[in-house]
Amino acid sequence: MNICKCFQCNTCGTQIDCRIGMSNRDVQPFQFACPQCEERISFVFGTQNGELTGASEVEDFKGPFTGANPFVDLHLDFPAYYGEYQMGMTTFLRVTRELGQAGYQHLNQRLTMLNVLYPLEKELRSTITQYKRGDIENFSKTCVKIPGVALKSRKKQDVLAALFTSTSVMSSPFTIHEHNSEISSKSSELFMWLHQQHRDKTIHFVEEILGNNFLKNLHNDCLSLYPKLVSMDLPFRPAFFYDYADTEHLGQIPARLSTADFEACSNFYKDLAEVFARQLTFLAGVNNLIKRGDSDLFESTMKVTKAQKVRPELESLNSFANVDLGSKLAFIDDCFYRVDMNAVDNKLRNGIAHYKYEYKESTQTVTYYPSKEGMSREKYHEISFMAFIRKSLLLFREIHSVNHIMKAALFYCVLVLDKEI
Ligand SMILES: [Zn+2]
């Protein structure tokens, strides 16, 4: 169903024609910028008062649109396109045409699941809080509120299983199921293989990352990202579309989100990048074990620079941990886990972290300045808000995948080595 409305901007008086495609989410908050003056206009469907801000509705408006006013297409579940109004050519119609029946149905299943799951964000948050506190009594009460989660006993392995089911179920609309199950089974096989091939050094690695709390802290940091993700379901919804469509030209497609603004989402990418950078330390350790039978041993040619100077940061895994995200990947030789490079953008991360970016809401364009240029700002990169959200989604998936490998490490500690985690 589509609703057509005409709004008048409170700031500049411009009249804006607006077509709103309805989704099945119970509450539907929309937001866009006045194409004339950039003022934010927002309203909500599914609540009592509608909460229209930034504009007023033109009361005597009678359709159809004539093309005299700027036009905005909105839909929470799909990318909406900029452009001229075409009667009947709704976002929904365009999406179903582009994806075909099978693609659309699969996408729709995930959106439906998200409609059911997103209201359980608080339950997920409590489950994680109680796990971190080690309060199994409260944990047992909260985790079972999430569909598909059961706690068999208070044993550590059952608590871990319930925890991982909670985060997996709650993030399932955001991730790719087949990929998750593959990495999950391969990771446990990997630790069994390491236990047979490099027993002493594998135990040494695990004891090191348990002893300095690295594994526990990293795991806790990963966990915190899940409720944040679920609480941001609105901006992520339209990015699912690109799992089915051609993403090669995503940067050039003027696709827009119909809700939320960049500021509200930028920190999440920064958080994801921070956690992923720490996960790379874990991955490097495992990779070193696989390749050279020692988690501290980096590939020998990498340990010196071209000028034959020793790189102190590759002397051990502990010193590698201080390397920043941009350089870390280059020091992991032929990583056993293939990182999706579309997800990682250190320049973007730096632009956000150093608060050097501008966001134009009417065109949803982010301009960021990652270079150190003294007082000036000249070298810039641009990314659309949609491409940015897509990147955040891909980076979350990377973290979720590595979390599966960490899960295998945790189960290895509990089940094989009988260690406290
Ligand atoms: Zn305006």
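**Exercise 1. Locate Pro-64 and work out the geometry of the peptide bond before it.**

Step 1: Pro-64 sits in the loop that runs between strand 5 (55-57) and strand 6 (71-75). Helices (H or I, at least four residues) and strands (E, at least two) are DSSP runs here, numbered from the N terminus.

Step 2: Check omega. The bond from Gly-63 to Pro-64 is cis, with omega near -5 degrees.

Before you go on: this is a predicted model, where local features need pLDDT of at least 70 and side-chain atom pairs count only at pLDDT 80 or more, while totals for chains, interfaces and linings use all residues. Residues are numbered from 1 along each chain as its sequence is written, and side-chain values use heavy atoms, with hydrogens and water left out.

**Exercise 2. Find where Glu-38 and Asp-418 lie, given that each has a positive phi.**

Step 1: Take Glu-38. Its phi is near 75 degrees, a positive value in a residue other than glycine. The residue belongs to the loop between strand 3 (28-33) and strand 4 (40-45).

Step 2: Look at the accessibility of Glu-38. With a relative accessible area of 29%, Glu-38 is partly exposed (buried means under 20% relative accessible area, exposed over 50%, partly exposed in between, using a 1.4 Å probe and protein chains only).

Step 3: Now Asp-418, which isn't a glycine either, yet has a positive phi of about 55 degrees. You'll find Asp-418 in the segment after helix 13, and at 67% relative accessible area it is exposed.

**Exercise 3. Describe the surroundings of Ser-258.**

Step 1: Place it. Ser-258 is in the loop between strand 8 (255-256) and helix 9.

Step 2: Is Ser-258 buried or exposed? It's buried, at 1% relative accessibility.

Step 3: List what it touches. Skipping residues up to four places away in sequence, Ser-258 is in contact (heavy atoms within 4.5 Å) with Pro-29, Phe-30, Gln-31, Asp-73, Leu-74, His-75, Leu-76 and Ala-80.

Step 4: Pick one of these for a C-alpha check. Asp-73 is 185 residues away along the chain, but 8.2 Å separates its C-alpha from that of Ser-258.

**Exercise 4. Characterise how helix 4 packs against helix 7.**

Step 1: Recall what to report. Two packed helices are described by the angle between their axes and the distance between the axes.

Step 2: Get both values. The axes of helix 4 (residues 156-171) and helix 7 (residues 214-231) come within 9 Å and cross at roughly 35 degrees. Axes are lines fitted to C-alpha atoms, for helices over the stretch in contact, and angles run from 0 to 180 degrees between N-to-C directions.

Step 3: Name the residues. Helix 4 brings Leu-160, Leu-163, Phe-164, Thr-167, Met-170 and Ser-171, and helix 7 brings His-219, Leu-223, Tyr-226, Leu-229 and Val-230.

**Exercise 5. Trace the salt bridges that helix 9 makes, and say what they link.**

Step 1: Start with the total, which is 23 salt bridges in the structure (a side-chain nitrogen of Lys or Arg within 4 Å of a carboxyl oxygen of Asp or Glu).

Step 2: Asp-221 pairs with Arg-278, the closest N and O atoms being 2.4 Å apart. Asp-221 lies in helix 7 and Arg-278 in helix 9 (residues 262-292), so this pair ties together parts that are 57 residues apart in sequence.

Step 3: Lys-228 and Asp-271 form another salt bridge, at 2.9 Å from N to O. Here Lys-228 is in helix 7 and Asp-271 in helix 9, 43 residues apart.

Step 4: Glu-274 meets Arg-349 at 2.5 Å, N to O. That pair links helix 9 to helix 12 (residues 346-353), across 75 residues. Glu-274 is partly exposed at 28%, whereas Arg-349 counts as buried at 16%.

**Exercise 6. Pick out the residues with the most contacts in the largest nonpolar core.**

Step 1: Set the term. A nonpolar core is a set of buried Ala, Val, Leu, Ile, Met, Phe, Trp, Tyr and Cys residues joined through side-chain atoms within 4.5 Å.

Step 2: Of its 110 residues, Phe-191, Phe-236, Phe-276, Phe-282, Phe-320 and Phe-388 touch the most other members. Helix 13 (residues 385-416) supplies the largest share, 19 residues.

Step 3: Zoom in on Phe-388. Leaving aside neighbours within four places in sequence, it contacts Phe-262, Cys-265, Ser-266, Tyr-269, Leu-348, Ile-352 and Ile-383.
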